[in-house]
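Hi there,

Here is the structure I promised to pass on. My notes on the ligand site follow below it.

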Amino acid sequence: VGLHRLHPFPRPAPQAAPPHVPGCWGYARFDPHAYLQNNYVPPRADFSSEECVVPWKLRCLAETFASGEICGRTLIDVGSGPTIYQLLSACEHFEEIVATDFLEVNREELRRWVRGEPGAFDWSPFIQHVCKIEGRGEPWQEKEQRLRGRLRRILPIDVHRADPLGAPLHPPADALLSTFCLEAVSPDRAAFGRALVNVGSMLRPGGHALLLGALGESFYLAGAARLPVVPLDEDDVRGALSDAGFTLRDFRSYAMPPALRTGVDDVDGVFFVHAQKPLEG
Ligand SMILES: Nc1ncnc2c1ncn2[C@@H]1O[C@@H](CSCCNC[C@@H]2Cc3ccc([N+](=O)[O-])cc3CN2)[C@@H](O)[C@H]1O
């Protein structure tokens with residue numbers, strides 16, 4: 001019962017990517033700090049306008065969790081990267097948050113934040129914004145501590161495996177969250193669809209899946225790494241969810257304004273999905 005202790009997946013040698021994961025070698029050069037600077041500081045993380053992309057993402061999550069319908073014991077975050085912003089509304093509704101990523105450098109970045117170590121990325125502007133839009137007048141330091149207390153496991157994951165965590169998750173997660181991961185690690189739409197099936201296997205029947213991802217993106221930069229992304233449109237996402245057996249509850253999209261097209265990627269827009277795994281089957 002409970003999460004299995006896993007050996008980290010062997011990191012591919014830069015010169016030899018596992019054949020089943022084209023482009024995986026690029027992740028050996030992924031620089032978490034550069035990635036954070038590219039996406040999670042202004043202009044993309046500008047909290048002065050609700051029209052900016054990060055406030056839009058946080059609002060999608062806050063509004064979806066505000067109903068209270070999505071709750072339970074465990075939420076698993078797939079491909080967390082070095083970020084925790086995506087967990088700020090979720091952490092109110094789950095006893096345990098399980099973060100996951102393929103790279104140890106990202107898992108260590110997350111541990112550094114959980115431990116409150118100097119040099120960890122400063123998420124306080126994000127925490128303050130989420131407290132403001134959730135409207136409970138909660139001191140942001142309390143939310144920060146609550147997330148730190150509930151973020152108890154930071155595990156290796158590979159969404160290209162039938163068992164992404166290396167073994168089935170017992171008990172299955174009550175909810176699944178994944179932001180900007182599946183399309184960024186899939187060489188084509190079929191692989192994206194298979195990854196969605198794989199991660200869906202960790203979710204209990206009736207469980208909720210929340211996805212944020214890139215539309216029309218073909219690459220992104222993270223320091224020396226230039227990573228390929230499968231360009232998706234709205235129908236690709238809807239079709240993959242349907243093929244994976246999910247029932248769509250909400251679909252929203254955001255068009256990236258010219259001011260936020262900074263060259264760190266070629267993303268056209270962002271999608272937000274709330275889907276549910278049927279109770280039967
Ligand atoms: N096989 C694997 N299984 C699971 N995770 C894996 C695997 N391989 C790599 N990973 C893991 O997945 C990765 C997740 S970060 C993926 C970045 N996605 C693209 C980037 C993100 C972004 C963010 C924000 C905004 N915006 O407008 O606000 C736009 C964009 C568009 N560009 C990375 O953590 C890696 O370590």
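**Around the ligand**

There are 25 residues around the ligand (a heavy atom within 4 Å of it), and Asp101, Asp158, Phe180, Glu217 and Met256 come nearest. This is a predicted model, so local features need pLDDT of at least 70 and side-chain atom pairs pLDDT 80 or more, while totals for chains, interfaces and linings use all residues. Residues are numbered from 1 along each chain as its sequence is written, and side-chain values use heavy atoms, without hydrogens or water.

For polar contacts (N or O atoms within 3.5 Å), oxygen atoms of the ligand pair with two side chains: a polar atom of Lys57 at 3.2 Å and an N or O atom of Asn106 at 3.1 Å. A polar backbone atom of Val159 lies 3.0 Å from a ligand nitrogen. Taken alone, the ligand exposes 750 Å², and the protein buries 99% of that (Shrake-Rupley areas, 1.4 Å probe).

Lys57 is also among the residues that Tyr40 touches, as is Phe180 (contact: heavy atoms within 4.5 Å).

Best wishes

Conventions
Polar contact = N/O pair within 3.5 Å; in protein donor to acceptor, adjacent residues only side chain to side chain. Lists of a residue's contacts leave out its neighbours within four places in sequence.
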